Amino acid sequence: MTGILYLVATPIGNLEDMTFRAINILKTVDIIAAEDTRHTRKLLAHFDIHTPLIRYDEFVDANKILPLLREGKNVACVSDAGIPAISDPGADLVKLAVAENITVCPVPGANAALSALICSGLDTSKFTFAGFLPKSTKNRNETLNELATHTETLIFYEAPHRIKKILAEMAEVFGNRPACIARELTKIHEEFIRAGLAELAEKIDEPRGEFVIIVEGRKAETETAPAENFLDVYQNLIAAGTDKKSAIREVAQKFNLSRREIYNAVVDLERSFEDEQDC
Ligand code: SAM
């Protein structure tokens, strides 16, 4: 008989979010595999749990845990906060366990992404969890451009030191869409800042603590909005003497489209004029 692999959620701030079941499972399994044993030790001490603890993080090979499960030991996997395997270690371990027909059992609880989404005031019926954006600007740009076409709500995790930059990049690619920053969820300084991406980029510096960014999906009507519409407005602005950059910005805001989208359409328009003249 193989053991059971439990994926146990732990609080993301407020210790009262620990579930009775999580405490019971952590007390009764043979081993707890933790992302950071020092961090988890404090949690276990708080709940009077004395189960042996081993380290399991992205650097510790999941194959080290499998022999324990094969021997019949029940293992609980926990991350520093929230649900394991969601932007946290655990997913590779689950894949290997599933491949060996080892029972995997969820012990649900706190999660930053869903806690932020439900309080954001944005559509919760369909969403994409995008996790952390890539570190390199080029890869990030590619990811944002791909996500710009999604009509469902977008959820991002982010580190405080680059939030202003990321919000500005999002405003550039997504346009000034409604968004929400959920900061310090379940903690004393819990805060929800709701505004357009451009306003948020302007307003936010380097907030303390942890946060999630929720962004409204692309509006279905903007997808079908005839290109002439915004190009007409653009051409009227240019005819009235507005410079190209300001006209693009104004049209992007008016139609809730990204400046890049307008810019590309303008380039196409200019090309088509050139082609007509060549003929
Ligand atoms: N597995 C965790 C979960 O289920 O939510 C997520 C872990 S991920 C390494 C950490 C990120 O989650 C942080 O950078 C932040 O974006 C988000 N996060 C975690 N706790 C949070 C909190 N209390 N308030 C806001 N965001 C939080």
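**Close-up views of the ligand site and the internal cavity**

**View 1. The ligand sits in the largest pocket.** The model shown is predicted. The shell around the ligand consists of 19 residues, with I86, N111, Y157, L185 and F211 being the closest. Sorted by class, this shell holds 11 nonpolar, three polar and five charged residues. Two strands, β7 (153-158) and β10 (211-215), each contribute at least two residues to the shell.

**View 2. Nitrogen atoms of the ligand lie beside polar atoms of I12, I86 and D88.** At I12, a polar backbone atom is 2.9 Å from a nitrogen atom of the ligand. The backbone of I86 likewise offers a polar atom, at 2.8 Å from a ligand nitrogen; I86 is also listed among the residues closest to the ligand. For D88 the side chain takes part, with an N or O atom 2.8 Å from a nitrogen atom of the ligand. On its own the ligand has 570 Å² of accessible area, of which the protein covers 91%.

**View 3. A search of the whole structure yields one cavity of 30 Å³ or more.** The volume of the largest cavity is about 60 Å³. Its lining comprises 11 residues, and those closest to the centre of the cavity are F174, R177, R218, N256 and E261. By class, four nonpolar, three polar and four charged residues make up the lining of the largest cavity.

How values were computed: Residues are numbered from 1 along each chain as its sequence is written. This is a predicted model: local features need pLDDT of at least 70, side-chain atom pairs count only at pLDDT 80 or more; totals for chains, interfaces and linings use all residues. Side-chain values use heavy atoms; hydrogens and water are left out. On a 1 Å grid over the protein atoms alone, a cavity is a set of points where a 1.4 Å probe fits but cannot get out, and a pocket is an open set with protein on both sides within 12 Å along at least five of seven lines; lining residues have an atom within 4 Å of a point. Grid points are joined across faces, edges and corners, and a volume is the space filled by probe spheres set on the points. Ala, Val, Leu, Ile, Met, Phe, Trp, Tyr, Cys and Pro count as nonpolar, Asp, Glu, Lys and Arg as charged, and the others, Gly among them, as polar. A residue is near a molecule or strand if one of its heavy atoms lies within 4 Å of it. A polar contact is a pair of N or O atoms within 3.5 Å; within protein, one must be able to donate a hydrogen and the other to accept it, and residues adjacent in sequence count only if both atoms are side-chain atoms. Accessible areas come from the Shrake-Rupley method with a 1.4 Å probe; for residues, only the protein chains shown count as cover. A molecule sits in a cavity or pocket if more than half of its atoms lie within 2 Å of its grid points. Helices (H or I, at least four residues) and strands (E, at least two) are DSSP runs, numbered from the N terminus.
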